[in-house]
Amino acid sequence: MMRPVTIIGPVITTARLRLRPWRPEDAADALEIYGSAEIARWLTPALERMEGLDQMRAVLSRWITDPPSLPGRPAGRWAIEEIETARLAGSGQILPLPPSGVDLELGYQLKPSMWGRGLATEAGHALAHHAFAHGEEEVFAVVRPHNSRGARAARRIGMEWVGETDKYYDLRLQVFRYRKADLDISALDPRPVER
């Protein structure tokens, strides 16, 4: 059963997580995610591994000052915080998939120290709610064939495996889809709120 999701402006909240806009002071925590070889190997070529704090600061600055712009669509990048500790746990995003940008990709990365607690599932579910609350009918996750952790998280969110393709990023990828109609809002109490 998924937990309640609340959407207030750019902030998405679940029972354990707050997904909020990135801040410049998040650079060291972001480097723990995007500087990790265990994570970066699944993200290239969309995002290369960060080699140091200066590079991470520059990327964060770009994310903050030039957010993804898709008029009328819910694209964005979020820092994922644990509510209880206020520690940054990961990163989440809804971004247009290349080459055409028509399909939206739901993505999430956690610090390796945060793995195994169901936080990726909770964050991915919250991002799907955000997309659906803003008019999307479906979102996708693309996962490299040997990324079993990523595939398991997509399935736990409720995404359906729809096959493999080389349509995105010129790579052979597994594709998972989550449709608004498949979202089990009966499991949410209260229903998602946007204010």
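**Entry 1: the chain overall**

I began with the secondary structure of the protein chain, which comes to five helices and ten strands, and I noted at once that this is a predicted model. I then looked up the extent of the C-alpha trace, which spans about 45 × 40 × 35 Å along its principal axes. For a chain of 195 residues, a compact globule would have a radius of gyration near 16 Å, and since the protein chain has 16 Å, the two agree. Buried residues make up 47% of the 195 residues. I also looked up how the contacts are spread along the sequence: among those between residues at least 6 apart, 62% join residues at least 24 apart.

**Entry 2: helices α1 and α3**

I turned next to how helices pack, bearing in mind that two packed helices are described by the angle between their axes and the distance between the axes. Helix α1, residues 27-34, and helix α3, residues 53-65, have axes 9 Å apart and pack at an angle of about 105°. Angles from 65 to 115 degrees count as roughly perpendicular, and α1 and α3 are therefore roughly perpendicular to each other.

Which residues in α1 and α3 meet? From α1 I wrote down Ala27, Ala28, Ala30, Leu31 and Tyr34, and from α3 Leu53, Met56, Arg57, Leu60 and Trp63. The residues of this contact divide into nine nonpolar, no polar and one charged.

**Entry 3: Tyr34**

I stayed with Tyr34, whose place is in helix α1, and asked whether Tyr34 is buried or exposed. At 3% relative accessibility, Tyr34 counts as buried, because the cut-off for that word is under 20%. Leaving aside neighbours within four places in sequence, Tyr34 is in contact with Ala40, Leu43, Leu47, Arg49 and Met50, with Met56 and Trp63, and with Ser91, Gln93 and Gln109. I recorded one distance as well: the C-alpha atoms of Tyr34 and Gln55, which are 21 residues apart along the chain, are separated by 10 Å.

**Entry 4: helices α4 and α5**

The second helix pair I looked up was α4, residues 119-133, and α5, residues 148-157, whose axes come within 9 Å and cross at roughly 55°. That angle makes α4 oblique to α5. The crossing of the two helices is right-handed. On the α4 side, Ala120, Thr121, Gly124 and His125 take part in the contact, and they meet Ala153, Arg156 and Ile157 in α5. By class, this contact has three nonpolar, three polar and one charged residues.

**Entry 5: Leu119**

Leu119 is found in helix α4, and I looked up its surroundings separately. Leu119 is buried, with a relative accessible area of 2%. Not counting residues up to four places away in sequence, Leu119 touches Arg16, Leu17, Ala89, Leu110 and Met114. With Ala89, the separation in sequence is 30 residues, while the C-alpha atoms are 8.4 Å apart in space.

**Entry 6: Glu105**

I moved on to strand β6, residues 104-110, where Glu105 is found. Glu105 has a charged side chain by class, and at 14% relative accessibility Glu105 counts as buried. What does Glu105 touch, not counting residues up to four places away in sequence? I listed Gln93, Ile94, Leu95 and Leu97, followed by Phe140, Val142 and Tyr169. As for Leu88, I found Glu105 to be 17 residues away in sequence and 22 Å away in space, C-alpha to C-alpha.

**Entry 7: backbone details**

I closed with the backbone, keeping in mind that most residues other than glycine have a negative phi, and most peptide bonds are trans. Where is there a cis peptide bond? I found one joining Pro98 and Pro99, with omega about 10°. Pro99 has its place in the loop between β5, residues 88-96, and β6.

For positive phi I looked up two residues. Ala86, which lies in the loop between β4, residues 76-82, and β5, has a phi near 65°, a positive value in a residue other than glycine. Tyr169, which I had already met among the contacts of Glu105, has a positive phi of about 60° although it is not a glycine. Its place is in the loop between β8, residues 160-165, and β9, residues 173-179. At 23% relative accessibility, Tyr169 counts as partly exposed.

Note on methods: Residues numbered from 1 in each chain as written. Predicted model: local features only at pLDDT ≥ 70, side-chain atom pairs only at ≥ 80, totals over all residues. Heavy atoms only, no water. Axes fitted to C-alpha atoms, helices over the stretch in contact; angles between N-to-C directions. Helix = DSSP H or I, 4+ residues; strand = E, 2+ residues; numbered from the N terminus. Parallel < 35°, antiparallel > 145°, perpendicular 65-115°, else oblique. Left-handed = near helix turned anticlockwise from the far one by under 90°. Contact = heavy atoms within 4.5 Å. Rg over C-alpha atoms; globule rule 2.2 N^0.38 Å. Buried < 20%, exposed > 50% of the residue type's maximum accessible area, 1.4 Å probe, protein only.
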